[in-house]
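Reader: I'd like a close look at one part of this model: the side-chain pairings. Which ones are there, and where do they sit in the chain? Keep it brisk, and put the pairings in their setting.

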Amino acid sequence: GLERFLMMVAAVAGDRLPPREGIQAIALGAAAKERLLPIVAALRATWSEPTFADWRDRKITAHYKAADGNNARWALALGDDELAAGIVVLRDLQDRRDLNPGIPLVGSTTEIAAEIERRIVEATA
């Protein structure tokens with residue numbers, strides 16, 4: 001029964017995958033988590049697409065697997081190197097590339113969230 005149902009779904013859907021949407025926040029370390037948490041809250045308050053966050057201490061590859069599991073289009077990554085540079089990295093998970101330059105961590109969390117949204121709109125236009 002279930003196998004036939006899955007075969008019918010595959011026949012109807014074909015190779016089409018649902019579109020990726022939303023952002024996966026990736027914090028590497030306690031300091032990054034502390035800095036990224038209010039930015040995620042601001043994105044959740046203002047952006048219409050989902051913002052995912054997994055605050056567990058894991059390797060970056062595990063975070064990217066979680067982003068793929070959530071079907072997120074974007075990853076917002078912050079670790080010790082980015083904190084030292086004063087930026088957060090925005091990565092396009094569909095095209096597997098970073099949007100350069102990194103987004104400066106200056107101003108209010110609302111301003112940073114607005115800059116993230118602006119970069120996403122600009123990249124998808």
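Author: Start with what is missing. The structure holds 0 aromatic pairs. This is a predicted model, and every value below is computed from it. One ring does have a charged partner. The charged end of R91 sits over the ring of Y64, 6.0 Å from the ring centre.

Now the salt bridges. The structure holds 10 of them. Side chains of opposite charge can pair when their charged atoms come close. Three of these pairs deserve a close look, and their settings can be taken one by one.

Take R96 and D68. Their side chains meet in a salt bridge, at 3.4 Å from N to O. This pair links distant parts of the chain. R96 sits in the loop between β4 (87-92) and β5 (97-104), while D68 belongs to helix α3 (residues 60-69). The two are 28 residues apart. How buried or exposed are the partners? R96 has a relative accessible area of 43%, so it is partly exposed. D68, at 32% relative accessibility, is partly exposed too. R96 has another feature to note. Its phi is positive, about 55 degrees, although R96 is not a glycine.

Next, D92 and R73. These side chains form a salt bridge at 2.9 Å, N to O. Again, distant parts of the chain are linked. D92 is in strand β4, and R73 is in the loop between α3 and β3 (74-78). The separation is 19 residues. What is the burial of each partner? D92 has a relative accessible area of 1%, so it counts as buried. R73 stands at 14% relative accessibility and also counts as buried, because the cut-off for buried is under 20%. The loop of R73 holds another residue to look at, N71. N71 lies in that loop between α3 and β3. Its phi is positive, about 60 degrees, although N71 is not a glycine. N71 is partly exposed, because its relative accessibility is 23%.

The third pair is R118 and E115. The salt bridge between their side chains spans 2.7 Å, N to O. Here the partners share a helix, α5 (residues 109-124). R118 and E115 are 3 residues apart there, which means a separation of about one helical turn. R118 is partly exposed, because its relative accessible area is 39%. This pair is part of a network: salt bridges that share partners join E115, R118, R119 and E122.

Back to Y64, the ring under R91. Which other residue has Y64 among its contacts? I26 touches Y64, along with L36, I60, H63, A75, L76, A77 and L78, leaving out residues up to four places away in sequence. I26 is found in strand β1 (residues 23-27). At 0% relative accessibility, I26 counts as buried. I26 and L37 are 11 residues apart in sequence, and their C-alpha atoms are 10 Å apart in space.

Now the wider frame. The chain has 5 helices and 5 strands. Along the sequence they follow the pattern α-β-α-β-α-β-α-β-β-α. How much of the chain is buried? Buried residues make up 33% of the 125 residues. Among contacts in the chain with a separation of 6 or more, 60% involve residues 24 or more positions apart. The C-alpha trace spans about 55 × 35 × 25 Å along its principal axes. The accessible surface comes to about 7,500 Å², and 56% of that belongs to carbon and sulfur atoms.

Where does a nonpolar patch appear on this surface? One patch of about 510 Å² is made by L2, F5, L6, M8 and V9. F5 lies in helix α1 (residues 2-13). F5 is partly exposed, because its relative accessibility is 46%.

One backbone detail remains, in the strand that follows the loop of R96. A cis peptide bond joins N100 and P101, with omega at about -5 degrees. P101 has its place in strand β5.

To recap the pairings: R96 with D68, D92 with R73, and R118 with E115 are the salt bridges detailed here. R91 over Y64 is the charge-and-ring case.

Terms used: Residues are numbered from 1 along each chain as its sequence is written. This is a predicted model: local features need pLDDT of at least 70, side-chain atom pairs count only at pLDDT 80 or more; totals for chains, interfaces and linings use all residues. Side-chain values use heavy atoms; hydrogens and water are left out. Patches are made of residues with over 30% relative accessible area and no salt bridge: like charges are joined within 9 Å, nonpolar side chains (Val, Leu, Ile, Met, Phe, Trp, Tyr) within 5 Å. Accessible areas come from the Shrake-Rupley method with a 1.4 Å probe; for residues, only the protein chains shown count as cover. A salt bridge is a side-chain nitrogen of Lys or Arg within 4 Å of a carboxyl oxygen of Asp or Glu. Helices (H or I, at least four residues) and strands (E, at least two) are DSSP runs, numbered from the N terminus. Buried means under 20% relative accessible area, exposed over 50%, partly exposed in between (1.4 Å probe, protein chains only). Rings of Phe, Tyr and Trp (its six-membered ring) pair if their centres lie within 6.5 Å; planes under 30 degrees apart count as stacked, over 60 as edge-to-face and the rest as tilted. A charge sits over a ring if NZ of Lys or CZ of Arg is within 6 Å of the ring centre and within 35 degrees of the ring normal. Contact means heavy atoms within 4.5 Å.
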